[in-house]
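Visitor: Hi, I've just opened this one and would like a quick tour. Could you put it up so we can talk it through?

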Amino acid sequence: MIPLSFAQRRLWFIDRFEGPSATYNIPFLLHLRGRLDVAALSAALRDVVIRHESLRTVFVVDEHGVPGQHVVPADGLRLDVPLVETTPDGVDAVVAEVGGHHFDLAAEIPVRAVLVRTGPETHLLVLNIHHIAADGESMEPLTRDLTTAYTARVASDVPDWEELPVQYRDYTLWQRELLGDEDDPDSVLSQQLDYWREALAGLPEQLQLPTDRPRPAAISHRGDMVDFAVDPELVEAAERLAAEHGATTPMVMQTALAVLLHRLGAGDDVPLGATIAGRTDEALLDLVGFFVNTWVLRADLSGNPSFAEALARVADRALAAYDNQDAPFERLVEVLNPERSTAYHPLFQVMFTWQSNDVLELDLPGVRGRLEAVPTHTAKFDLEFNFAVDPADGGMRCVLEYATDLFDRETVERFGPRFLRVLRDFVTDPSRPVGTADVLLPGERRSADLVVAMLGILKSGAAYLPIDPRFPSARLGLVLGQAAPALLLTDAGTGGELPGHDVPVLLLDELDLDRPEAGPVEAVLRPDNLAYVMYTSGSTGVPKGVAITHHGVVNGVLRLAAVVGMGPGRKMLAGTSVNFDVSVFEIMTALTTGGSVEVVRDVLELGERDHWHGSVISSVPSVFSEVLDRIAGTTSVQTLVFAGEALPATLVERARKAFPGVRVVNSYGQTESFYAGTFTVDAAEDWDTSRSVPIGEPLGNMRAYVLGPGLTPVPPGVVGELYVAGAVARGYQGRPGLTAERFLPDLFGPAGSRMYRTGDLARWNRDGRLEYVGRGDGQVKIRGLRIEPGEVEAALAAHPGVAQAVVSVHEHAGTRQLVGYVVPVGVIGNDPGAAESIGDLHVDLTAGVSVPELRRFVSARLPEYMVPSAFVVLGLLRRGR
């Protein structure tokens, strides 16, 4: 029996291990226009299948369980090509049925074909071939032979072609002979495996990608695809760049892809899978078969190299890989033995493929044909970028296949524009560092216009309401309806992403800014005028809008400027979304004191730069901890300001060591109070790392009380609930009942003043400073973002398939994640207490609800930061007291 090739053996194993599926099908559409001879086409296809043995091979197992190839004799071959007549609208259903066929590799040849007629001279041949019998490079000899055979059959003749010099089974034996014995150190296989062991040593187990959902325990291989075009001018620029740097166009594209993934959080070591034709002998060029090999091309982006240097590194790795291309990927996985998982592909999860042309033209007697690949709903990898040249105009098309377990279509559609931005940066200035590559799209950019708009609104005495178009439309609609803004200020590109509303719109990109300046705004301005409304998570399931006055902003900004040392000539890093009040501190404190502000995506961007020099960096402790070690030698900063969550003493110590002479400020406040207090560790101050970091003392015009039962003050050292008074918010926009519940009369302040009940537990220490102890209610913070579990639970419980829902925080390895627990409808009967344990419940836990559906449902109702990282479906749920 003929053994399987290494590539075939892997697909055979996957088929046996996972069961038959359409994951490794290669479906094609042959569009045919003209007077088609249906019988001649059917006979011609049979001729081609007989000519190429790989297309009539089944895969059987001997008595020892060893798989082998069995070539079906020509006289025993059965290949039906049924004719289906339908309308153009019915074509997709036929294509899906043929392309989704599950081949029984042991019993049927790996080819299936159906001819579809949509008109007298319009046909489509749906041709589905299992990958075990062919690859992308096989389509050219297949279409060439089909043309020859059809031409002969139309003339009532048989194809007169030369016999193929070899068949695929010959290649299988030749491959083993070429590679030699792996135990022989002088063999090709042994030497090439040694190369790959060294080249892939220390490879990341899996690539960190910006997925929409956590990775499931097992790959489902469900997928979809989108595509994007690379215009001819950009392709020409890439070709020119490749020639100037002694590289190839695919190397340029691969480098751009690695830089894109790097900028999206994949890290400095970016492994990409890539294919190589594997037809190293000229005799194989005219053969249909599975010759393609897979290798891992590792892009080293450490040290923030220039684009040109990154290209040189990629080119060096690729050339070395070419010299070691024969080692089968299947054997490479076995030898390297990475941690095996059913959740992700071994060694790499992103594939890069390159084709000279993904469309083939056929010139048949009386018929014009065009062969092209069929989109499938499967995915072999997390992401697969398949680039192909368009010979018509010199442009390029990329088909991007993605795993729907991990990504939403909207997310993947943004990969194309992001890639094109990186590629344009690359070809325009190859000397710029890869860390400066711009991957933000217009709707995501915090532009100067945004800052100017905020300043203009505040200077006029009006108030602003930040709106993030990425938030679910239901939430945006609620916010717009409740806050009732008088004007929506946006641009043409962003405004279209908002849900329907009746708010008047002013588009910035349509303003005539060349007109003479308007006179001063005539308005009566008062300190208690509203400055902004910001929406936070609500415990009842409805977000609440916090209304802050101009007095509150001015008081906080003036006090904070003195604390952090902001003033003329000083620079502030602003990396917080304008949806959160930290952005007010970052932007207004700098610009109202004569300083400057540098607006960035987030503080993690510092880790992608060669250097940063400035005065003040503001961040959430857990986020800054991630980037601290990477920026210690490249960043110069005078003051670090932390807020949003408890500040660990160890982080203070790490920061002081990383930035000698730095001042560390631990600030405290809520959206309802803006900033209420601070604690400063000066550069010259000795710091005891065993101490907790206080939240300090109230800022000017702010007061803090630690109260016990009956709203009476507790002694120092005793834990009580923290109340903040002074320049606090007006309350919650349009919700007087909730305002009265949280903003109480200030029993210790001037008449008519109020104090805000924070829900935080605190105590006064012996130095007269406040120490944060924890929360007195269910509110949590994830990466500094405030979340009311009740709002998330309400969103989960709104799903028709959910009977009960609870949300909690899970901590692992220093990382806090939100986890949603649900009980499906139908699990709970009339007597939920009748079961003594989950084992007593005889139910289908998946009935009525699935994790992907839950994630989609909640994502449509909550901002991304409030969507649980994981969901757990339970059969029984009891809340503890």
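Visitor: Let me start with one residue: is Thr678 buried or exposed?
Guide: Thr678 is buried, because its relative accessible area is 12% and the limit for that label is under 20%. Keep in mind as we go that this is a predicted model.

Visitor: Which strand is Thr678 found in?
Guide: Thr678 is found in strand 27, which covers residues 674–681.

Visitor: And what is Thr678 in contact with, leaving aside its neighbours within four places in sequence?
Guide: With those neighbours left out, the contacts of Thr678 include Leu560 and Val563. Val665, Asn666 and Ser667 are also among them, and so are Ile695, Gly696, Glu697 and Leu699.

Visitor: What is the order of the strands in the open sheet?
Guide: Seven strands make up that open sheet, and the order is 21-20-23-25-26-27-28, with mixed pairing. Strand 21 (596–599) and strand 28 (697–698) are the edge strands, each pairing on one side only.

Visitor: In what sense do strand 25 and strand 26 pair?
Guide: They pair in the parallel sense, with four bridges between strand 25 (residues 639–642) and strand 26 (residues 663–670). One residue pair to look for is Thr639 with its bridge partner Arg663 in strand 26.

Visitor: Strand 23 is in that order too. What about Ser618, buried or exposed?
Guide: Ser618 sits in strand 23 (residues 616–619). Ser618 counts as buried because its relative accessibility is 6%.

Visitor: What does the side chain of Ser618 join in a polar contact?
Guide: The side chain of Glu586 is the partner, in a polar contact of 3.3 Å with Ser618. Setting aside neighbours within four places in sequence, Ser618 is in contact with Leu573, Val582, Phe585, Glu586 and Val641.

Visitor: How far is the C-alpha atom of Ser618 from that of Asp602?
Guide: Those two C-alpha atoms are separated by 10.0 Å, and the residues are 16 apart along the chain.

Visitor: Let's go to strand 18. How many of its residues are buried?
Guide: Seven of the seven residues in strand 18 (residues 530–536) are buried, so that strand is mostly covered.

Visitor: Which strand does strand 18 pair with?
Guide: Strand 18 pairs with strand 19 (residues 544–549), in the antiparallel sense and over six bridges. Met534 stands opposite Val546 of strand 19.

Visitor: Switching to charges, how many salt bridges does the count come to?
Guide: The count comes to 34 salt bridges. One of them has the side chains of Arg279 and Asp135 meeting at 3.0 Å, N to O. That pair links distant parts of the chain, 144 residues apart. Arg279 lies in the loop between strand 9 (269–276) and strand 10 (293–300), and Asp135 in the loop between strand 7 (122–130) and helix 4 (139–154).

Visitor: Are Arg279 and Asp135 buried or exposed?
Guide: Arg279 is buried, with a relative accessible area of 12%. Asp135 is buried as well, at 1%.

Visitor: What does Asp224 form a salt bridge with?
Guide: Asp224 forms one with Arg409, and the closest N and O atoms are 3.2 Å apart. Asp224 lies in strand 8 (residues 223–230) and Arg409 in helix 11 (residues 409–413), so the pair ties together parts 185 residues apart in sequence. Arg409 is partly exposed, with a relative accessible area of 35%.

Visitor: And what about Glu413 and Arg409, where do they both lie?
Guide: Both are in helix 11, four residues apart, about one turn of the helix. Their side chains meet in a salt bridge too (3.4 Å, N to O). Glu413 counts as partly exposed, at 43% relative accessibility.

Visitor: Last topic, helix packing. At what angle do helix 1 and helix 10 cross?
Guide: The axes of helix 1 (residues 6–18) and helix 10 (residues 329–336) cross at roughly 70° and come within 7 Å. That makes helix 1 roughly perpendicular to helix 10. Phe6, Ala7, Arg9 and Arg10 of helix 1 make the contact with Phe329, Glu330 and Glu334 of helix 10.

Visitor: Which residues are linked with Arg9 in a network of salt bridges?
Guide: Glu182, Arg331 and Glu334 are linked with Arg9 in that network.

Key
Residues numbered from 1 in each chain as written. Predicted model: local features only at pLDDT ≥ 70, side-chain atom pairs only at ≥ 80, totals over all residues. Heavy atoms only, no water. Buried < 20%, exposed > 50% of the residue type's maximum accessible area, 1.4 Å probe, protein only. Helix = DSSP H or I, 4+ residues; strand = E, 2+ residues; numbered from the N terminus. Pairing = 2+ DSSP bridges. Contact = heavy atoms within 4.5 Å. Polar contact = N/O pair within 3.5 Å; in protein donor to acceptor, adjacent residues only side chain to side chain. Salt bridge = Lys/Arg side-chain N within 4 Å of Asp/Glu carboxyl O. Axes fitted to C-alpha atoms, helices over the stretch in contact; angles between N-to-C directions. Parallel < 35°, antiparallel > 145°, perpendicular 65-115°, else oblique.
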